[in-house]
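Let's take a look at this model together. Have the sequence and the coordinates open, and we'll go from one helix to the contacts between chains.

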Amino acid sequence: MGKATREAYGNALVAVGAANENIVVLDADLSKSTKTDNFKKAYPDRFFNVGIAEQNLISVGAGLAAAGKIPFVSSFSMFATGRAFEQVRNAVCYPKLNVKICATHAGITVGEDGATHQSLEDIACMRAIPNLKVVVPADEAETTAVIKWAADYEGPVYVRLGRAGVDDVTPEGYEFTPGKAVELVGGNDVTIIACGALVGPAVQAAKLLAEQNVKARVLNMASIKPIDADAIVKAAKETGAIVTAEEHNIYGGLGAAVAEVVTEFAPVPVIRIGTKDTFGESGTPKELMAKYGLTAEDIVNAAKTAIERK
Amino acid sequence: MTTLTAEQKSLVQEKATAIRVSILKAVTAAKSGHPGGSLSIADLMALLYYVEMNVDPKNPKDGNRDRFVLSKGHAAPALYATLAEKGFFDKGELENLRKIDCMLQGHPDMKHTPGVDMSTGSLGQGISAACGMALAGRIDKKDYRVFAVLGDGELEEGQVWEAAMFAGFYKLNNLTAFIDFNGLQIDGDIREVMSPLPIAPKFEAFNWNVIEVNGHDLDELHNAIEAAKACTDKPTAIVMNTVKGKGVKEMEGQAGWHGKAPSAEEYEKFVAELLEV
């Protein structure tokens with residue numbers, strides 16, 4: 001098991017902060033958890049705690065960006081995208097301000113804190129806002145690449161990060177490109193499209209399927225918006241069946257985004273792995289992934305069903 | 001601390017009347033909009049743009065300019081009328097307010113309107129953005145000032161107090177917030193709908209320098225702004241006692257004119273009244 005993407009974020013922030021003095025960081029009393037504390041220690045003059053006030057967090061970020069700074073604003077995903085949804089929409093995205101919303105503790109792998117802190121709707125909400133790029137990095141290396149890209153890109157970005165450790169899956173020398181999926185495993189029987197914490201299980205599922213002579217293609221779709229429609233259409237045409245996997249509600253997230261492309265351009269069976277329109281609960285990340293059907297075995301079963309539906 | 005000269009005062013009075021006429025013209029042409037709360041801040045807008053603020057219509061994005069955030073974004077006609085008067089764009093644009101394919105949106109849009117420093121309209125957010133701009137000025141060691149205008153009804157938004165706490169905590173002395181205390185919101189008297197009173201002690205409690213003025217008295221307004229500039233360790237809140245619809249007798253103190261446009265006949269009558277004074 002590799003590092004959590006929030007750990008990678010904390011380290012990557014310090015690196016981009018060293019390269020660009022215009023970068024400032026805001027947090028809402030969760031800097032030790034979001035790991036922006038690393039930046040605070042390295043650049044105390046460019047770190048500002050807003051306290052437990054997420055609406056102000058996002059809008060102060062908008063003001064900083066309007067005056068030429070590059071703010072990275074962090075909190076838990078639930079609060080940065082849920083409580084402050086309208087600030088993200090109206091203060092950041094409508095004027096297309098250069099704010100990087102890097103939210104941690106997304107998804108069910110938050111674990112023991114339970115349902116109130118497990119955001120399973122954020123991809124859906126953020127994806128619906130014009131001008132916003134939505135990115136879900138899979139592991140440490142990809143998070144590092146995404147933060148480096150976000151620091152250079154001019155415009156609003158939402159980066160979804162996790163609390164728990166995840167498998168390292170990103171190939172060496174990787175650079176993040178918005179709108180580009182990465183093929184991690186080749187195959188033509190079925191395609192598994194995953195993001196974030198589910199990319200590791202997707203790769204594992206491909207191995208299990210290979211043992212049963214099923215050749216699965218695995219795409220890491222870190223860029224939810226813009227989405228790599230070409231890779232999805234190609235996968236639909238070449239493999240004839242698709243399984244999506246994410247730690248998010250099956251409504252509105254990666255699975256929905258993939259299904260939108262597939263139904264419009266290349267209809268084939270799509271099965272979505274995600275939480276089934278339900279809230280989470282307390283438990284360890286591993287227990288929760290099992291209970292809510294987010295394991296490699298669940299992906300394997302969905303892949304077989306998808307192939308049967310061809 | 002300087003006092004307002006007779007020449008400055010005369011210029012601002014003339015501009016305030018021109019701004020009021022433009023507000024009515026724009027809202028009448030649009031057949032919708034918010035005249036009441038635009039007229040109540042017309043004196044302040046004229047004073048800010050003709051005396052107090054360092055802005056250049058020819059260089060609206062100058063990094064060292066003073067910033068203006070209309071947190072009560074529905075008073076957009078007042079901002080547009082002022083910017084047009086000042087020469088940020090052609091006055092003819094005012095008659096296209098709220099119309100399809102036109103620059104002047106129902107609420108301020110910083111991306112398409114020269115001189116608009118922040119997109120606003122959803123209440124409570126502009127003051128936070130103004131805090132961000134003031135913080136940026138401090139980080140960058142620039143001496144520009146940030147001015148924000150809030151409605152009194154807007155103070156009912158919880159985010160205003162998140163921002164007030166932030167500005168007080170970080171001692172953003174380059175930030176001045178004006179509260180347009182006209183006493184009326186859409187559903188009626190703010191004392192009856194959901195009273196945010198008392199206003200001044202609330203800002204004081206959040207560690208702001210607070211000054212109460214008659215929002216239509218240019219000397220009082222100017223002296224308060226001078227006092228804000230002189231304050232080195234706190235943001236300043238200037239609570240302006242104003243009259244909603246100020247300048248048009250029929251509109252004064254009427255909540256019904258919060259979001260209603262005059263008819264063509266009313267427009268003629270109101271403008272005649274403004275120009276008589």
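Which residue follows helix 10 of chain A, and is its phi positive or negative? In this predicted model, that residue is A:Gly240, and its phi is positive, near 75 degrees.

## Helix 10 of chain A

Now step back into the helix itself, which runs over residues 229–239. Its buried residues are A:Ala231, A:Ile232, A:Ala235, A:Ala236 and A:Thr239. Look down the axis of helix 10 of chain A and those buried residues fall within an arc of 135 degrees, so they line one face of the helix. That spacing fits a general rule: an α-helix has 3.6 residues a turn, so residues three or four places apart point the same way.

What does that buried set pack against? The partners, also in chain A, are strand 8 (190–194), strand 9 (216–220), strand 11 (242–249) and helix 11 (254–265).

## Where the chains meet

On to the interface: 23 residues of chain B are in contact with 24 residues of chain A. On the chain B side, helix 5 (125–139) and helix 6 (158–169) each supply at least two residues. Helix 5 of chain B gives the most, with eleven residues. Sorted by character, the chain B residues that touch chain A come out as twelve nonpolar, eight polar and three charged.

## Confidence

As for the scores, the model has an ipTM of 0.95 and a pTM of 0.96. Chain B averages a pLDDT of 97, and 100% of the residues score at least 70.

Methods. Residues numbered from 1 in each chain as written. Chains lettered and ligands numbered in written order. Predicted model: local features only at pLDDT ≥ 70, side-chain atom pairs only at ≥ 80, totals over all residues. Buried ≥ 20, exposed ≤ 12 C-beta atoms within 10 Å, placed from the backbone. Helix = DSSP H or I, 4+ residues; strand = E, 2+ residues; numbered from the N terminus. Arc of directions from axis to C-beta. Contact = placed C-beta atoms within 7 Å. pLDDT = per-residue confidence, 0-100. Nonpolar A, V, L, I, M, F, W, Y, C, P; charged D, E, K, R; others polar.
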